[in-house]
Amino acid sequence: MAQKKKIIAIDIGSHSAKVAVALVARESVEISRMESFRLPAGEQVTMETLRPWMEKNGFLNSRAVISLPGKDVIFQPFQMVPADPRTSEQAAAMEVLKFNEMASESMVYDYSEFSLGKNDRRLLLSIARPSLLNAPLALAAAGNIQVEDIVPSPIAVFNGLVESYGQEGKCTLYINAGHTSTSLGIGIGSQLVFARAFSCGGEVFTSAIAESSGLPAAQAENAKHAAGSLKPGTPHAEALAPAADRWFAELNSCLAIFRSLFPSDTARIDGAILTGGSAGLDGLPEFLEAKLGAGVTVPKAGDPSAAKGVPPEYVVCKGLAHSLTETAGAAISLLPENIRDDIASRKQRPFWFASAGVAVIILAVSLVSGYLQLRRTQDVLNSRQADMSARRQLASQIKSVRMKSERIQHMATPLASLLKSTPVMATVLKTVAENRGADEWITVVCDSESYFNSRLYEKGRDPYRSEHSRRSGEEDKQKRVGMTSVIIEGFTRNTSLATVSSLITELTKLEFVESADLLSDDMLAPLPQGNLEERLNAIRFAIEVKVRQK
Amino acid sequence: MSRRQNDSFGVSASRVAVIFILISGVIAGLWIGLLAPANNQRKQALANIKATETELAKMGLLLDQNSLRRELNKEIGYNSDLLIEWSNTVGRLNGFRDLPNISAERIGKIDYKVALFDVKQRLLKKARALNIDLTSDIGMDAVVKSSEDARRLMYQLKAIETLLDTALDMKIDTVKFVEPLSPNGYHPENSTEIFVEEYPVRIRMYGDLDSLYDLLSSALVRENFLVLRNLKVRSVSEAKPDLLDISAVMSSLLFIKSPETMDTIKNAIAPVRISPRGH
C-alpha cells in the first residue's frame, strides 16, 4: 500500500487565497478539502492577514506546496542539437549562466525535458530571482509551515489539467485566468512545451463594468459575477467586449511567441482549457473559441471526468499537489537548495537512521566480538607466556646447575692427570719385577721426562722456574701434568729378545697402557758406565710404555 | 527528469559522506583505542613466546614444566653427588689438612723459621732413631730473602716434611738430598682461576724395591698423600741388584678454592694470579 502524506497546496492570488488539502501518494493525489479566503483589496498579503483563517482551518504547522506567480518566472524553451554532448543539466546550467550575467545574481532555476520527434531534445527552463522566493517562504515560515515545494503557477495549471485533458498528439492550451494575471501552459500530449503568464485577468472586466455603469469596484465585481456576459444583448456585453479584446491581445501575444518557437503544424492549438476565477464569465469561452478557432473547455465543479471534480478556481491548487507526485506532467521546482536539502534529508532520515543503526550494531558486534576474541586470545597467550616464563626459569636453573657440575668436572680434569702417575708407576714396577726373565737386568725404570731430561734431577736446578715456563705461563705448566709414557731400560743375555717380548706383552695387558714397544735405538740415553753391552755380554734394550691419556 | 530528482540524490551523497566520515572516525577511534593495542599485545606475546621457545630449543630444553622439573631435580642430584665426591676427594688429597694454622693469611717469617728448626730437628732425630742416613740439609734455607714469601716457604717445608716422614717410615736406606721446587697452580680447563696449588719436592734416595713400593703405596694414603710427578729408578750396580738409586719429584696439594667459591666460568676470563703472601 502506497504511503500517503497530507499536504496543503497554497495558491495566493491578488483577489483570494486558496488552499486545498490533499493526500499525496507516489503517483496519485486525492483532494480532501478546499478552502478560499477573500483578500482585502489593495493590501500586501501577510500571515497576520491569513492567520485567523488558516488557524481556523488547521493549515498552520503543516507541510505545504506553494505557487509562485507566473509573472515572477521566466520560461525559456530551447532546443538542443542531436549531437550536443552535454547533458540536460549541463545545457540548462549553461543557459542559466546567461541570465545570471544579466541579472548579476545566481538565479533559481529548474527545467523539464520534452521531445517533439526522434532525436529531438528540448528543455523548458523556469528561472526566477531568488529574492522573489522570499515572500512565499517568509509567509510559510510565519505560519510554521514546512515548504515542500514552490511551483510556478503555469506549471501548476498544466499539472492540474494534463491528466484529464492531455491528448496524445494534440496541442492543448491550458489557461488559468486569475483576477490580475493569467497563467498559461501549452502541452503537446502530456508534455509541457511552453509556459507564460501575463498581467491581465478578471480585473479588466470588473474595471470595464465599473467605468460603464459608474459603480465602485466592489459593486462592479459583484455585478460581473451576477450579470456579467460577453454574449450580445446582455447588459454589460458592450462594455466587456473591449476588455475581452484587450485580454485576448495579451494572450495572443504569448501565443505569437509560442508560434515563433514552434512553427510546425504539430504546434497548432487544437483546443483550450479555461480555468480560474474569470473562467466563469459568461460568454468568455465562446469568445475565446471564436478567437482561437479551436474548442474551449471550462471544467465544471463536481464533474468527476473533468479535473477530477475540482472547481476551476482550484486547478492551481490541484496542480501544486500533483507536482509532488512522480507522475506530474512537468516536474519543475523552484525550491531553494537549502530547503530542498532539508526536505530530502527529512525524507531519507529514517532510512539513514535505520542504516546507521544497523551499521552501528554490526560494527559494535564486530568490534565487541573482535575485542573479546582478542582478549580470549590474549588470555591464552598470557597463560602460555607465564608457562614459558616458568619453563625458562626452570631451564635457567638447569643450566646453572649443569654449569656447576661442569665446573667440578673441569676442576677434576687436571687432578685426574696428576693422580694417575703413582698407580701407573707402582703397577709398572710390579709388572716388571714379576715378569722380567732371569737373563734380564733392569737398570732404569722412569717416566719419559725423567729419561730424556738428564738435568731433571740436577740438584739446585728448578725445572719449574725455567725461562720457558715463565714465558709460557700457567697453561704451559699444566701441559706437564701427568705421565705420558714410562721407559724401562735394561740388558738381556737372551739374544732372541724373546723374554723382552714376553715382558712387553705383559705390559700391554695393563689397563692403562695404550701401547708398549721397544724405544728406537737412536733415542736411547747415553750410558754413564761406558760400553756395558760388551762387558756384560748382553743386549741393551729400552721399552717405551705409552700411557692412555683418557 | 529534473533537477529536483538529481539534487535529492546529491543531497544523499553529501549526507552519506558525513555519515561515512563519522562512522569511519568511530571505527578508527575504536581501532586505535581498543583493537590496535590489544592486537599489538597479542603480537608482542606471540613474539615473546616464540623467542622463549627458540631459547629453550637452543638449550635443548624445549620440554614441559613437569619434564623440566624432573630434569632439574636430576641435575641437582647429580651436582650434589659431584660435590660430595669432590669434598671427599679434596679431603683425601689435601696434603695440608693437619695445618690449619698455616693456612691463614698472615704467616710471618718467624713462624717459618721456628717451624723449619722444629721440622729439621725432628726429622734428623727420627732418621737417627731409624738408622737412616739423612742429609742435614733438608733443602730449606733458614735465610729468608726479601723476595721470598713466608707462606710459600711454610708450605714447601710442610711438603718436604710429609715426603721425608713417609720415606723414613718406609725405611729408605739413604736420603741423598731433598729440595723444594717452585709451586704450581692449576685451573679448570675453561677458566684461569687457580683452585689448587701444588708444592713439588725433589728427592734422591737409596732403597730397595720393597721400600719404593711401600713409599708409593703410602703416598696414596689419606694422611700422607703425595702426587708422583717424576720417578727415575736406577740399579746401582750389577753386584747389588736390590739397591736402587731413586730420584723422584713428589708433590703435596693445597686446595685453595672449592667449586662453590669459584667464580662462574663466565666471570673468570681474566687470569687469576696468586700474589705472594705474608710479605
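## A surface patch on chain B

In this predicted model, Val26(B), Leu30(B) and Leu34(B) form a nonpolar patch on the surface, with about 210 Å² of accessible area together (Shrake-Rupley method, 1.4 Å probe, with only the protein chains shown counting as cover for residues). Such a patch joins nonpolar side chains within 5 Å, taken from residues with over 30% relative accessible area and no salt bridge, that is, no side-chain nitrogen of Lys or Arg within 4 Å of a carboxyl oxygen of Asp or Glu.

Val26(B) is found in helix α1 (residues 3–58) of chain B, where a helix is a DSSP run (H or I) of at least four residues and a strand a run (E) of at least two. Val26(B) is partly exposed, with a relative accessible area of 46%, a class that lies between buried (under 20%) and exposed (over 50%).

## The nonpolar cores

The largest nonpolar core, a set of buried nonpolar residues joined through side-chain atoms within 4.5 Å, has 102 residues, and Met54(A), Ile186(A), Trp247(A) and Leu274(A) have the most contacts inside it. Its largest share, 9 residues, comes from helix α7 (residues 237–261) of chain A. Apart from this core lies another, of 68 residues, among them Val486(A) and Val175(B).

Leaving aside neighbours within four places in sequence, Trp247(A) is in contact (heavy atoms within 4.5 Å) with residues including Phe198(A), Phe205(A) and Leu274(A).

## Chain A as a whole

Chain A has 16 helices and 17 strands, and buried residues make up 49% of its 550 residues.

## How to read the values

Residues are numbered from 1 along each chain as its sequence is written, and chains are lettered from A in the order in which they are written. Local features need pLDDT of at least 70 and side-chain atom pairs 80 or more, while totals for chains use all residues, and side-chain values use heavy atoms, leaving out hydrogens and water.

How values were computed. Patches are made of residues with over 30% relative accessible area and no salt bridge: like charges are joined within 9 Å, nonpolar side chains (Val, Leu, Ile, Met, Phe, Trp, Tyr) within 5 Å. Buried means under 20% relative accessible area, exposed over 50%, partly exposed in between (1.4 Å probe, protein chains only).
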